[in-house]
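Thanks for coming. I will go through one model this morning, so please have it open on your screens.

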Amino acid sequence: AAGAIAGLNVLRIVNEPTAAALCYGIGSNVTEMTLDDPPKNVLVFDFGGGTFDVSVITIDAGAFEVRSTAGHTHLGGQDVDAAVVKFMLADCKKKHQKDFADNAKVLAKFRNMAEKAKKALSHSTQHEIVVEGILDGDEYAMNLSRAKLEELTAKLLDQCMVIVAKAIKDSTLKKTDIHEVIMVGGSSRIPKIRNLLEKEFNKGPCCSVNPDEAIAVGAAIQASI
């Protein structure tokens, strides 16, 4: 219905993990696959802004089978931002004796800066947070390190790994049966998540594609096939 409203001729619906696998080139060479090729097991780690999903799919001779899914409807990049905001509020109260916990305007500024800090710390180890116009003309400044961000979000990231373990268990596969781990969603850029997955599976996850675009690109590849 959404496709029709958008003026599109909908030929097929493709699920997100299948689209993600296609985007990474896994299973897209359908014409080159033979029945003798061994099946490939792929774990799709989809960590977006507000939700988290893990899927285990098996690709066998060009056919995609979703073996299991697990996830959390309220776990994502927003929770990482919220952990940083909580730390900023405590830091501001300690340094300047100002409590902004109930100030919607300041909280909005803090959330904006927390998101920027999270993105910056995906490719650098230090980031200075500066919020102007909240301390009677003076600016609030704080230096946040990647190590501190990892400390603040440790429980969240551990929760992600518990969900990964559940998805694998539900698929009736073992960790060693997973051939590829592919990353989807903007928050999957967080280095600590990639480190945890590498440690869990003894191999680096596939990160060669822009995780924000992976599913859209995969759907286009499916359409071309």
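Helix α2 covers residues 16-23, and 7 of its 8 residues are buried, so the helix is largely enclosed by the rest of the structure. Buried here means under 20% relative accessible area, exposed means over 50%, and partly exposed is in between, with a 1.4 Å probe and protein chains only. Helices are DSSP runs of H or I with at least four residues, strands are runs of E with at least two, and both are numbered from the N terminus. This is a predicted model, in which local features need pLDDT of at least 70 and side-chain atom pairs count only at pLDDT 80 or more, while totals for chains, interfaces and linings use all residues. Residues are numbered from 1 along each chain as its sequence is written, and side-chain values use heavy atoms, with hydrogens and water left out.

Back to α2. Its buried residues are P17, T18, A19, A20, A21, L22 and C23. What covers them? The cover includes β1, β2, β3, β6 and α8, the last being residues 214-224. Just after α2, G25 has a positive phi of about 80°.

Now the sheet. It is open, has 4 strands in the order β3-β2-β1-β6, and its pairing is mixed. Two strands count as paired if DSSP finds at least two bridges between them. At the edges are β3, residues 63-72, and β6, residues 180-184; each has a single partner strand, so one side of each lacks a neighbour in the sheet. Averaged over neighbouring strands and ignoring direction, the turn of one strand against the next is 20°. For angles, axes are lines fitted to C-alpha atoms, for helices over the stretch in contact, and values run from 0 to 180 degrees between N-to-C directions.

Within that sheet, β1 (residues 40-47) and β2 (residues 52-60) pair in the antiparallel sense over 8 bridges. The bridge partner of N41 in β2 is T58. Helix α6, residues 154-170, packs on the sheet and touches β1, β2 and β3, and its direction makes about 140° with that of β3. Helix α7, residues 191-201, also packs on the sheet, touching β1 and β6, at about 165° to the direction of β6. Contact, throughout, means heavy atoms within 4.5 Å.

One loop residue next. Where does S187 lie? S187 is in the loop between β6 and α7. S187 is buried, at 6% relative accessible area. Its side chain reaches the backbone nitrogen of G77 at 3.4 Å. That is a polar contact, a pair of N or O atoms within 3.5 Å; within protein, one must be able to donate a hydrogen and the other to accept it, and residues adjacent in sequence count only if both atoms are side-chain atoms. Setting aside neighbours within four places in sequence, S187 contacts F47, G48, G49, G77, K118 and I193.

On to charges. Side chains of opposite charge can pair when their charged atoms come close. The rule for a salt bridge is a side-chain nitrogen of Lys or Arg within 4 Å of a carboxyl oxygen of Asp or Glu. How many salt bridges does this rule give? The count is 10.

I will show three. D91 pairs with K95, with the closest N and O atoms 3.1 Å apart. These two are 4 residues apart in helix α3, residues 77-96, which is about one helical turn. D91 counts as buried at 13% relative accessibility, while K95 is partly exposed at 44%.

D99 forms a salt bridge with K93, and here the closest N and O atoms are 3.6 Å apart. D99 is exposed at 52% and K93 is partly exposed at 46%.

The third joins E151 and K148 at 2.9 Å, N to O. Both lie in helix α5, residues 146-152, 3 residues apart, about one turn of the helix. E151 is exposed at 53%, and K148 is partly exposed at 24%.

Last, the totals. The protein chain has 8 helices and 6 strands. Of its 225 residues, 40% count as buried. Among contacts with a separation of 6 or more, 64% involve residues 24 or more positions apart. The C-alpha trace spans about 70 × 45 × 25 Å along its principal axes.
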